[in-house]
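I sat down with this one to look up how its sheets are put together and where its pockets lie. Here are my notes, in the order I took them.

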Amino acid sequence: MNQASNTTRRLPAEWEPQDAVLLAWPHEQTDWADYLDEVREVYDQIIRAIIRFERVILVAPNPSELQGRWPDDRVKIQSVPTNDTWARDFGPITVMEAGRLRLLDFRFSGWGDKFTADLDDRVTRNLHNQGVFGDTPLSSIDLVLEGGSIESDGQGTILTTSTCLLNPNRNPDLNRQEIERQLQLTLGAQRVLWLEQGHLAGDDTDAHIDTLARLAPGDTIVYVQCDDPEDEHYATLKAMEAELQALRTQDGKPYRLLPLPWPAAKVETDGHRLPATYANFLIINGAVLVPVYNDPCDSQALDVIAQAFPNRKIIGIDCSVLIRQHGSLHCVTMQLPQGGCV
């Protein structure tokens, strides 16, 4: 697919320069209520790691409760109501258009109306109205699309999964060709690479790509690999691995594939499996924040990601609490490219 793209637009890669990272603070009305202190400690660690390298935009229903917790010049706290905290999926997707940034506000439906999301769906518009993005223009797009469902190499390639983007709970009136056309028009996609296989038990997103496979510089893909034939994920992740091996770069060459280790199964107190994945890392200026889970494979995962990003500091963040709500580090963050924030 390379015809009729919006050639004036480009979706930057996550490793390009950033102004800030957007997060939403956990509060009593979110699903974190039962272990609020624990998850807030994780958020504090994430924020403190980020502000070593760039700023944070933090939305919270009661900013006064957080005043003085972090340096004011590094953390900008905005009063915005939220249902929950998954900024990756309700935050703005920022494109470059004719040399200038443009914010795209896609519809967020709580991953196909699984959860209430009316407040989260308005976060980007509220932040824009509050002047957080300065004079960066904002376009509202009548398409359900979550940031965690797409990966960009910054050069026109979009990597995604059919399980999510073609799920009838998102845009039921659009087929694959029509979805691709929307990605052409809104993101400037020159080609879309679809994965048909791969999922994580306990994942509410219908197989977001950022839980499975991530684009990295130098035509590299870092991906989840399951090496346990007895594990329920073995067959589908082996099939996904074969798909990745068959993908080709824009130059017609195989991608450099870096497999991530497979952590031991993590389960909630009621026995259901949690979607622990090392692929849910966040790339920021000068560093990569990597979710870890108090697992023997943690150090190996950090080493693999260091291979993909040799010039960045690799920082592990214990996300054992985050996966209790079926997401991880990348899911709760959204990078804001350089030049789009005041």
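**Entry 1: a four-stranded sheet.** I began with an open sheet of 4 strands, ordered S4-S3-S2-S19, and found its pairing to be mixed. I noted strand S4 (75–79) and strand S19 (334–337) as the edge strands, since each pairs on one side only. From one strand to the next, I read an average twist of 25 degrees. I keep in mind that this is a predicted model.

**Entry 2: inside that sheet.** I looked up how strand S2 (residues 18–24) meets strand S3 (residues 55–60): they pair in the parallel sense, over 5 bridges. For a landmark, I picked Leu-22, which stands opposite Ile-57 in S3. Then I checked what packs on this sheet and found helix H1 (residues 36–50), which touches S2, S3 and S4. The direction of H1 makes about 175 degrees with that of S2.

**Entry 3: a three-stranded sheet.** Next I turned to another open sheet, with 3 strands in the order S11-S12-S13 and again a mixed pairing. Here the edges are strand S11 (213–216) and strand S13 (256–260), each with pairing on one side only. Direction ignored, I get an average turn of 25 degrees between neighbouring strands.

I followed S11 to strand S12 (residues 220–224) and counted 4 bridges in the antiparallel sense. One position I marked is Ala-216, whose bridge partner in S12 is Thr-220.

**Entry 4: helices on the three-stranded sheet.** I found helix H7 (residues 234–246) lying across S11, S12 and S13, and it runs at about 175 degrees to S12. Helix H8 (residues 298–308) also packs on this sheet, touching S11, S12 and S13. For H8 I wrote down about 160 degrees between its direction and that of S13.

**Entry 5: the largest pocket.** Which residues lie nearest the centre of the largest pocket? I found Leu-11, Pro-12, Ala-13, Glu-14 and Gln-335, out of 27 lining residues. Its volume is about 340 Å³. Strand S5 (93–97), strand S8 (151–152), S11 and S19 each give two or more residues to the lining, and I had already met S11 and S19 as edge strands. By class, I have 14 nonpolar, 7 polar and 6 charged residues in this lining.

**Entry 6: the second largest pocket.** I noted a volume of about 260 Å³ here. The lining has 18 residues, with Asp-31, Asp-84, Trp-86, Trp-111 and Phe-115 nearest the centre. I sorted the lining into 5 nonpolar, 8 polar and 5 charged residues.

Terms used. Residues are numbered from 1 along each chain as its sequence is written. This is a predicted model: local features need pLDDT of at least 70, side-chain atom pairs count only at pLDDT 80 or more; totals for chains, interfaces and linings use all residues. Side-chain values use heavy atoms; hydrogens and water are left out. Two strands pair if DSSP finds at least two bridges between them. Axes are lines fitted to C-alpha atoms, for helices over the stretch in contact, and angles run from 0 to 180 degrees between N-to-C directions. Contact means heavy atoms within 4.5 Å. On a 1 Å grid over the protein atoms alone, a cavity is a set of points where a 1.4 Å probe fits but cannot get out, and a pocket is an open set with protein on both sides within 12 Å along at least five of seven lines; lining residues have an atom within 4 Å of a point. Grid points are joined across faces, edges and corners, and a volume is the space filled by probe spheres set on the points. Ala, Val, Leu, Ile, Met, Phe, Trp, Tyr, Cys and Pro count as nonpolar, Asp, Glu, Lys and Arg as charged, and the others, Gly among them, as polar.
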